[in-house]
Amino acid sequence: TTRRIFLYGLSFVSLMLAATGVTLLTARLLGALFAGDVIRGSSAMVAFGLASVIIAFPTWALLWRAAQRTTRTHPVETGAFGRKLYVYAILAIAGSVVAITAMSLLSALLESDLEVDSFAPLVIWAGIWLLHWRIETAEGQQTDTAATMRRLYTYGMSVFGLVLLASGVISAL
């Protein structure tokens with residue numbers, strides 16, 4: 001249990017930092033390529049993005065490789081609470097970022113105020129969601145705990161989607 005908390009806790013933090021860094025760098029790159037917006041914001045954001053990617057991504061990759069190695073030697077690990085908590089927390093956060101970003105993009109499109117760098121979070125976090133969804137689908141829910149985590153994720157994201165829908169309808173009215 002302690003090993004799982006350490007492994008998946010650090011993996012979670014590393015992935016969040018790496019995703020944030022990649023998102024910042026991608027937004028800056030898209031702004032520079034398509035909007036000709038080379039000097040936008042401060043260089044501190046680029047420095048943070050680079051530092052996050054250079055440090056957090058390799059850390060996440062090593063930790064995730066160790067976690068995958070553990071599942072090969074101990075298949076019961078795929079149903080462990082710590083692993084499922086990690087996977088569903090990532091799915092929930094990535095899904096939320098994608099939904100909120102898509103809603104913001106749609107709003108900006110309707111107001112004719114769309115900026116190309118706004119697509120970065122959508123693309124990066126959708127990729128993270130897809131990767132973890134494929135991992136979760138391949139592993140399945142082998143234990144009652146895993147099935148409960150899946151239900152909680154499904155219900156939570158359904159409520160979140162309904163709240164976004166209601167706020168969109170209210171805004172439209």
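**Exercise 1.** For the side chains of Glu-136 and Lys-84 in this predicted model, determine what interaction they form and which helices it joins.

*Solution.* Step 1: the N to O distance between Glu-136 and Lys-84 is 2.7 Å, and the side chains meet in a salt bridge. The criterion is a nitrogen–oxygen distance within 4 Å. Step 2: Glu-136 belongs to helix H4 and Lys-84 to helix H3, with their positions 52 residues apart, so that distant parts of the chain are linked. Step 3: Glu-136 and Lys-84 are both buried.

**Exercise 2.** Establish which residues are linked with Glu-136 and Lys-84 in a network of salt bridges.

*Solution.* Step 1: Lys-84 also forms a salt bridge with Glu-139, whose closest N and O atoms are 3.3 Å apart. Step 2: Glu-139 pairs with Arg-83 as well, at 2.4 Å. This pair again connects helix H4, which holds Glu-139, to helix H3, which holds Arg-83, across 56 residues. Both Glu-139 and Arg-83 are buried. Step 3: the network therefore comprises Arg-83, Lys-84, Glu-136 and Glu-139. The whole structure contains four salt bridges.

**Exercise 3.** Describe the geometry and composition of the contact between H3 and H4.

*Solution.* Step 1: the axes of H3 (residues 81–110) and H4 (residues 119–139) come within 8 Å and cross at roughly 145°. Step 2: the crossing is left-handed. Step 3: the contact residues comprise 20 nonpolar, three polar and four charged.

**Exercise 4.** Decide whether His-132 of helix H4 is buried or exposed, and identify what it touches.

*Solution.* Step 1: the relative accessible area of His-132 is 1%, so this residue is buried. Step 2: beyond four places in sequence, His-132 touches Leu-15, Trp-60, Tyr-86, Val-87, Ile-90 and Leu-91.

Methods: Residues numbered from 1 in each chain as written. Predicted model: local features only at pLDDT ≥ 70, side-chain atom pairs only at ≥ 80, totals over all residues. Heavy atoms only, no water. Axes fitted to C-alpha atoms, helices over the stretch in contact; angles between N-to-C directions. Helix = DSSP H or I, 4+ residues; strand = E, 2+ residues; numbered from the N terminus. Left-handed = near helix turned anticlockwise from the far one by under 90°. Nonpolar A, V, L, I, M, F, W, Y, C, P; charged D, E, K, R; others polar. Buried < 20%, exposed > 50% of the residue type's maximum accessible area, 1.4 Å probe, protein only. Contact = heavy atoms within 4.5 Å.
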